[in-house]
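Dear colleague,

Please find below the structure that I am handing over to you, together with its sequence. My notes on it follow directly after.

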Amino acid sequence: MNPNFKRAGVWIPVIIAITFCAGLWIGSRLFGGVQEDDVFAKVNRIMHYVSAEYVDDVNIDSLIEQSIPDMMAKLDPHSSYISASDFQSVNDELEGSFSGIGISFNMLTDTITVLEVISGGPSEKVGLMPGDRIITINDSLVAGQKWSNERVIKNLRGPRDSKVKLGIKRATSPDLLTYEVTRGDIPMTSIDASYMLDDQTGYVKVNKFGRTTYAEFLNSLVDLRGKGAERFVLDLRGNGGGFMEMAILMANEFLPAGSPIVSTHGRIPSAESSTYADGTGAFQQAEVVILLDEFSASASEILAGAIQDNDRGLIVGRRSFGKGLVQRQIELPDSSAIRLTTARYYTPSGRCIQKTYTPGKLESYGLEIADRYNHGEGFSADSVHLDKSQTYYTIGGRTVYGGGGIMPDVYVPNDTSGISTYYINVANAGLLQKYAFNYADRHRAELKKASGVKELMSMLPSDDVILQDFASFAQRTENIPPRWYYINLSRNLIVSQLKALIARDALGTSAFYEVINGSDNSVRRAMEEFRNGTVHIPVTANATKSDR
């Protein structure tokens with residue numbers, strides 16, 4: 001667009017007017033076959049005059065491209081537009097793989113630091129190692145340039161069999177090492193952790209519902225059963241959802257034949273569906289607890305709702321996000337796409353758990369989680385607002401509510417113990433991660449010999465030594481003084497997080513959860529419910545439980 005357009009002093013009213021017209025005009029173009037009635041004829045004529053006679057040159061295509069997101073945002077909070085340039089990266093995570101070099105990394109002091117090299121991936125094949133610092137990418141300096149994670153990912157990913165040249169700084173070499181890595185297909189796993197909590201209990205952390213999630217999930221359950229697991233904790237905290245089909249398949253593993261899982265209802269016949277368990281699930285007799293929090297959404301809520309409404313297990317944690325809208329992704333001729341809400345989904349009891357929203361008011365919708373905390377919901381079950389006008393009943397007669405997320409059977413408040421001003425200062429400065437990485441980097445050869453988390457923990461110094469060393473590190477690197485009164489208030493929190501982060505840097509992501517869950521209140525509460533025999537819910541139960 002001609003820059004004089006902005007200087008003309010009519011930028012705002014003109015862009016609003018044209019955007020409105022473009023929005024209508026787009027409708028006729030996106031959804032071909034719409035009869036051109038008087039409205040569309042009028043819009044087309046306006047666009048023609050703007051293009052032909054407006055005082056400055058106007059790029060109509062660019063104007064339309066800018067107006068589409070605004071138009072979609074006026075429908076509901078989850079309908080959206082994906083530009084052609086963003087389409088591939090947006091879909092990579094859910095599709096389960098992408099082409100890249102096969103590393104996980106972190107940005108420490110403006111340097112790309114390799115945390116993990118995927119076994120069998122392109123980077124391992126050329127000799128990259130955890131702890132390597134990426135100084136240059138294709139001869140361009142990246143260290144110290146304040147690149148965002150998104151920019152790094154964009155430069156490291158690329159078409160399969162394409163090459164990327166990396167300049168690597170390694171602690172054992174005074175010279176910059178050069179590696180040419182041929183990009184290949186990199187699987188993106190959905191399971192962050194899978195291990196035994198005790199001799200009978202398996203734990204599985206699911207981070208999303210992508211194309212490969214069900215297969216990964218089932219493999220984890222089978223592996224844990226082989227280790228003695230008779231009951232399972234499924235951790236869906238922070239899981240924002242993904243493909244509904246994966247949640248249905250996962251629920252099917254636990255439910256007897258004929259059990260309802262989810263239904264969808266929309267304006268058109270193709271949006272109507274009802275899904276039931278087919279009786280082939282291999283874990284129908286296993287006890288199950290699902291962990292939720294305020295960031296568990298969509299497919300996470302489908303799975304949790306199916307388990308809760310069928311009285312098949314317990315939900316532990318805090319009220320989930322409340323996303324009950326179903327999107328259909330429609331790819332457009334220019335390789336862009338829209339995600340259009342076509343239905344609402346309903347749990348087996350008949351409740352829609354979509355929280356309320358006002359079309360076009362995205363900001364207030366996005367702040368709803370913060371509002372929960374402001375009125376105390378994160379810390380007390382009594383502060384949870386439940387819409388009593390939307391009362392439903394599980395198969396066993398327990399009361400559940402619609403209108404805003406899945407309320408857990410057992411509420412566990414957000415854990416703020418150990419939060420002090422000292423902890424906030426070091427956490428905000430990223431010092432926990434930096435210290436853990438530096439420690440793991442200095443002792444990497446030794447720590448890598450650990451056969452598992454238990455042995456690795458035995459290799460670490462005492463809690464007092466770690467805490468003293470960390471306090472010195474914080475003062476040395478960020479000039480944060482060791483205020484021991486506040487350090488001692490946060491002692492357990494700091495030490496447990498440092499140990500978990502060291503375990504992650506030495507052994508991988510699963511090791512992080514194996515350590516941190518030892519002090520996690522929701523995991524502890526799940527284990528308590530198993531021990532108390534309350535996970536098998538009696539059909540006569542008629543009330544949900546709060547934190548006792």
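The notes below cover the charged pairs, one helix and the nonpolar cores.

Please keep in mind throughout that this is a predicted model.

Salt bridges

A search of the whole structure finds 24 salt bridges. One of them joins D441 and R133, whose closest N and O atoms are 2.9 Å apart. This pair connects distant parts of the chain, since D441 belongs to helix α14 (residues 431-442) and R133 to strand β5 (residues 133-137), 308 residues apart. D441 is partly exposed, with a relative accessible area of 22%, and R133 is likewise partly exposed, at 23%.

Two further salt bridges link helix α17 (residues 463-478) with helix α19 (residues 491-507). In one, D463 pairs with K499, with the closest N and O atoms 2.7 Å apart; these two residues lie 36 residues apart in the chain. D463 is partly exposed, with a relative accessible area of 31%. K499 has a relative accessible area of 18% and therefore counts as buried, the cut-off for that term being under 20%. In the other, D464 pairs with R491, again with a closest N to O distance of 2.7 Å, and the two are 27 residues apart. Both partners are partly exposed: D464 has a relative accessible area of 45% and R491 one of 26%.

There is also a network of salt bridges that links R319, K355, E368, R372 and E377.

A buried acidic residue without a partner

Which side chain of opposite charge is nearest to E287? It is R231, 4.3 Å away. A salt bridge requires the nitrogen and the carboxyl oxygen to be within 4 Å, so this pair does not qualify. E287 is thus buried yet has no salt bridge. E287 is located in strand β15 (residues 287-292). Leaving aside neighbours within four places in sequence, E287 is in contact with E230, R231, F232, R312, F530, V535 and H536.

Helix α21

One of those contacts, F530, is also among the buried residues of α21. The others buried in this helix are S522, V523, R525, A526, M527 and E529. The buried residues of α21 pack against β11 (201-206), β12 (231-235), β15, β16 (314-317) and β21 (410-411).

The length of α21 can be checked. The helix has 12 residues (521-532), and at 1.5 Å a residue they should span 16 Å; the end C-alpha atoms are 16 Å apart, which agrees. At the start of the helix, a side-chain oxygen of D520 comes to within 3.0 Å of the backbone nitrogen of S522. After the helix comes G533, which has a positive phi, near 75°.

Nonpolar cores

The largest nonpolar core has 50 residues, of which V289, Y422, L447, F470 and I494 touch the most other members. Helix α19 gives the most to this core, with 9 residues. As for F470, its contacts beyond four places in sequence are Y422, V426, L431, L432, Y435, I494 and L498. A second, separate core contains 41 residues, including L236, A277, A306 and Y345. In soluble globular proteins, nonpolar side chains tend to be buried together.

With kind regards

Technical notes:
Residues numbered from 1 in each chain as written. Predicted model: local features only at pLDDT ≥ 70, side-chain atom pairs only at ≥ 80, totals over all residues. Heavy atoms only, no water. Helix = DSSP H or I, 4+ residues; strand = E, 2+ residues; numbered from the N terminus. Buried < 20%, exposed > 50% of the residue type's maximum accessible area, 1.4 Å probe, protein only. Lys, Arg positive; Asp, Glu negative; His and termini not counted. Contact = heavy atoms within 4.5 Å. Expected span 1.5 Å × (residues − 1). Polar contact = N/O pair within 3.5 Å; in protein donor to acceptor, adjacent residues only side chain to side chain. Core = buried A, V, L, I, M, F, W, Y, C linked by side-chain atoms within 4.5 Å.
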